[in-house]
Amino acid sequence: FPPGVFEAIIGDWLIRLFARNQLLRKGEEQTFTETNQIRQKLRFLARLLIKMRLLSGRDLMLSEFVVPIYYDGFVDAVIELRQENKQLAITLGYYVRKLAVLKRGEGIRRRDSVMRTEGQDFLDLYSSSW
């Protein structure tokens, strides 16, 4: 892992929720390739989180960035990451949407209307302009 990636994965509840979701989708028996694909997705999300922190100058969790005020920051972060790896930028678009869906779902589970609304509002922006 590049510096900070492992720590970002372990320290962020939304990335861990994303991982759990991926593991549940694949079922109990995963091939080596499927496991590697999940690891790669987590590394991509960690790199996105690190880039968001760098661009914003704020040491927030990914769930704290999945709010409408940081939507443009996600766009900027993905554009910067695209310069390093074009495929990464295409893939991250799907993951960013999935993060917002997971945050909204977690808000519903916790009966946290703020979290649910932030996730939904972020999804609305995503749908209108990604």
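Start on helix α5 of this predicted model and select Asp72 and Gln83: both are exposed, on the side of α5 away from its buried residues.

Next, select Tyr71, Gly73, Phe74, Ala77, Val78 and Leu81, which are the buried residues of α5. Look down the helix axis: these buried residues fall within an arc of 150 degrees, so they line one face of α5. To see what that face meets, show α3 (32–56), α4 (62–65), α6 and α7 (113–129), against which the buried residues of α5 pack.

A check on helix geometry can be made here. Helix α5 covers residues 71–84, and at 1.5 Å a residue its 14 residues should span 20 Å; the end C-alpha atoms lie 21 Å apart, which agrees.

Now centre on Phe74. Outside its neighbours within four places in sequence, Phe74 contacts Leu48, Met52, Leu62, Phe65, Val66, Val96, Phe122 and Trp130.

Widen the selection to the largest nonpolar core, which has 39 residues; Leu48, Phe74 and Leu92 touch the most other members. Colour by helix: α1 (5–11), α2 (13–26), α3, α4, α5, α6 and α7 each supply at least two residues of this core. The largest share, nine residues, comes from α6. In soluble globular proteins, nonpolar side chains tend to be buried together.

Finish on Lys98, in helix α6 (residues 86–110). What is the nearest side chain of opposite charge to Lys98? That side chain is Glu106, 11 Å away; Lys98 is buried yet has no salt bridge. Not counting residues up to four places away in sequence, Lys98 touches Phe18 and Asn21.

Terms used: Residues are numbered from 1 along each chain as its sequence is written. This is a predicted model: local features need pLDDT of at least 70, side-chain atom pairs count only at pLDDT 80 or more; totals for chains, interfaces and linings use all residues. Side-chain values use heavy atoms; hydrogens and water are left out. Helices (H or I, at least four residues) and strands (E, at least two) are DSSP runs, numbered from the N terminus. Buried means under 20% relative accessible area, exposed over 50%, partly exposed in between (1.4 Å probe, protein chains only). Lys and Arg count as positive and Asp and Glu as negative; His and the chain ends are not counted. A salt bridge is a side-chain nitrogen of Lys or Arg within 4 Å of a carboxyl oxygen of Asp or Glu. Contact means heavy atoms within 4.5 Å. The expected span of a helix is 1.5 Å times one less than its number of residues. The arc is that of the directions from the helix axis to the C-beta atoms. A nonpolar core is a set of buried Ala, Val, Leu, Ile, Met, Phe, Trp, Tyr and Cys residues joined through side-chain atoms within 4.5 Å.
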